[in-house]
Amino acid sequence: MTLDEVKSDGKAGLARALAMIERTPDDAATIALLDAAYAAPKAHVVGMTGPPGVGKSTLMNALITGWRASDRSVGCIAVDPSSRRSGGALLGDRTRLSTDPEDQGIFVRSMAARDRLGGLAGLTVSAMVLMRALFDIVLIETVGVGQSETDVVGVADTVLFCVQPGSGDSLQFMKAGIAEIPHIVVVTKADMGAAASRARADVLGALELGSEENHDDWEVPVLMVSSARREGINELMEAIDSHGRALEPHTRLADARHRQAQDWLIEAIRERFGREGMRRAGRIDLARNASPFGRLAEVSATLRID
Ligand SMILES: Nc1nc2c(ncn2[C@@H]2O[C@H](COP(=O)(O)OP(=O)(O)OP(=O)(O)O)[C@@H](O)[C@H]2O)c(=O)[nH]1
Ligand SMILES: [Mg+2]
């Protein structure tokens, strides 16, 4: 399947392309498709993370509704850290999405983090790259932050971190020494009243402490959102757009994506060939604008021959 074929077949085409990526990740056709998608990014990629039960899926739903109302197309990936292929990660039950199945502008896919061709560095990244070429927004939901296995930090342009009132998450999240502070912090369930304001104050205090690690000239907003009451959703959408605009000048976004692709490539090689393979491969560089998928195939071929 070519990228044009995927595009012209809508959601059914995307579903088939994802099946191809899963079944035959190393086929030339798959790599060609991913290379083409990698070269034609369109979407703003948003990662959403936070502890279990914090309200991520509910928020995802609210954001999708908001984006669709402004006529933006959305591709979603919900990464399930626990389930395996045969498990219950069927979309809908876990994501509780209430979208119109006829709507071509929304596509949701649930993925098991452990079904790996390199964990989140594998299938999820391929799916993200493909969807990035098709939609206006790609939203990825994962649990936790800072664990490489389920880490969205390495694949998203804008990272949201969700904390829940009264959970102490806000403090824990700073204590965990997360190097990459998220770009936007969301206090969920703001309808819980005073506890929500306290959580916000805690996060602001924690961010203050860790301010030397802040992203250059981007002030991390801490927003209170109630998905249940649909409050604060528009403000969150605006903050996401605003961060997207902050990435535009110079080559910031391209730089960040190139770094992500390079990291992904190295991780994928380590995953496939182990330390010994890494040693034999020597220094692995990804040329600017080169696709990591094609490069992985090249490096893999040389390592197999050796
Ligand atoms: N009061 C209130 N409850 C909410 C809100 N958003 C979500 N919840 C509830 O919080 C619980 C967890 O919500 P989910 O959206 O499934 O949370 P999650 O972070 O996706 O959970 P996992 O995917 O299991 O990690 C559910 O019972 C929701 O109804 C909100 O805005 N206000
Ligand atoms: Mg969820």
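How many salt bridges does a search of the whole structure find? Let's work towards that together.

This is a predicted model, in which local features need pLDDT of at least 70 and side-chain atom pairs count only at pLDDT 80 or more, while totals for chains, interfaces and linings use all residues. Residues are numbered from 1 along each chain as its sequence is written, chains are lettered from A and ligands numbered from 1 in the order in which they are written, and side-chain values use heavy atoms, without hydrogens and water.

**Exercise 1. Salt bridges**

Find the salt bridges of D9, D103 and E276, and describe where the partners sit.

*Step 1.* Start with the rule: a salt bridge is a side-chain nitrogen of Lys or Arg within 4 Å of a carboxyl oxygen of Asp or Glu. The search finds 12 salt bridges.

*Step 2.* D9 pairs with R16, with 2.5 Å between the closest N and O atoms. To describe the surroundings, use relative accessible area: under 20% is buried, over 50% is exposed and anything in between is partly exposed (1.4 Å probe, protein chains only). D9 is partly exposed at 35%, and R16 is partly exposed at 45%.

*Step 3.* D103 bridges to R68, the closest N and O atoms being 2.8 Å apart. This pair links distant parts of the chain, 35 residues apart: D103 is in the loop between β2 (74-80) and β3 (106-112), and R68 is in helix α4. Helices (H or I, at least four residues) and strands (E, at least two) are DSSP runs, numbered from the N terminus. R68 is partly exposed, at 23%.

*Step 4.* E276 and R279 meet at 2.8 Å, N to O. Both lie in helix α9, and because they are 3 residues apart, about one helical turn separates them. E276 is partly exposed at 42%, whereas R279 is exposed at 57%.

**Exercise 2. The magnesium ion**

Which protein donors does the magnesium ion (ligand 2) have?

*Step 1.* Look for N, O and S atoms within 2.8 Å of the metal (3.2 Å for Na, K and Ca); water is not among the atoms, so a site may look incomplete.

*Step 2.* The protein donors are S57 (OG) and E141 (OE), lying 2.0 to 2.4 Å from the ion. They come from distant parts of the chain, 84 residues apart: S57 from helix α4 (residues 56-69) and E141 from strand β4 (residues 137-143).

*Step 3.* Check their burial: S57 is buried at 8%, and E141 is buried at 2%.

**Exercise 3. An aromatic pair**

Which residues form the aromatic pair, and is it stacked, tilted or edge-to-face?

*Step 1.* Rings of Phe, Tyr and Trp (its six-membered ring) pair if their centres lie within 6.5 Å; planes under 30 degrees apart are stacked, over 60 edge-to-face, and the rest tilted. The whole structure holds 1 such pair.

*Step 2.* W264 and F293 are 4.9 Å apart centre to centre, with 50° between the planes, which makes the pair tilted. W264 belongs to helix α9 (residues 252-281) and F293 to helix α10 (residues 292-305), 29 residues apart.

*Step 3.* W264 is buried at 6%, and F293 is buried at 5%.

**Exercise 4. One side of a helix**

Where do the buried residues of helix α3 (residues 28-38) lie around the axis?

*Step 1.* The buried residues are T30, I31, L33, L34, A37 and Y38.

*Step 2.* They cover an arc (taken from the directions from the helix axis to the C-beta atoms) of only 160°, so they are on the same side of α3.
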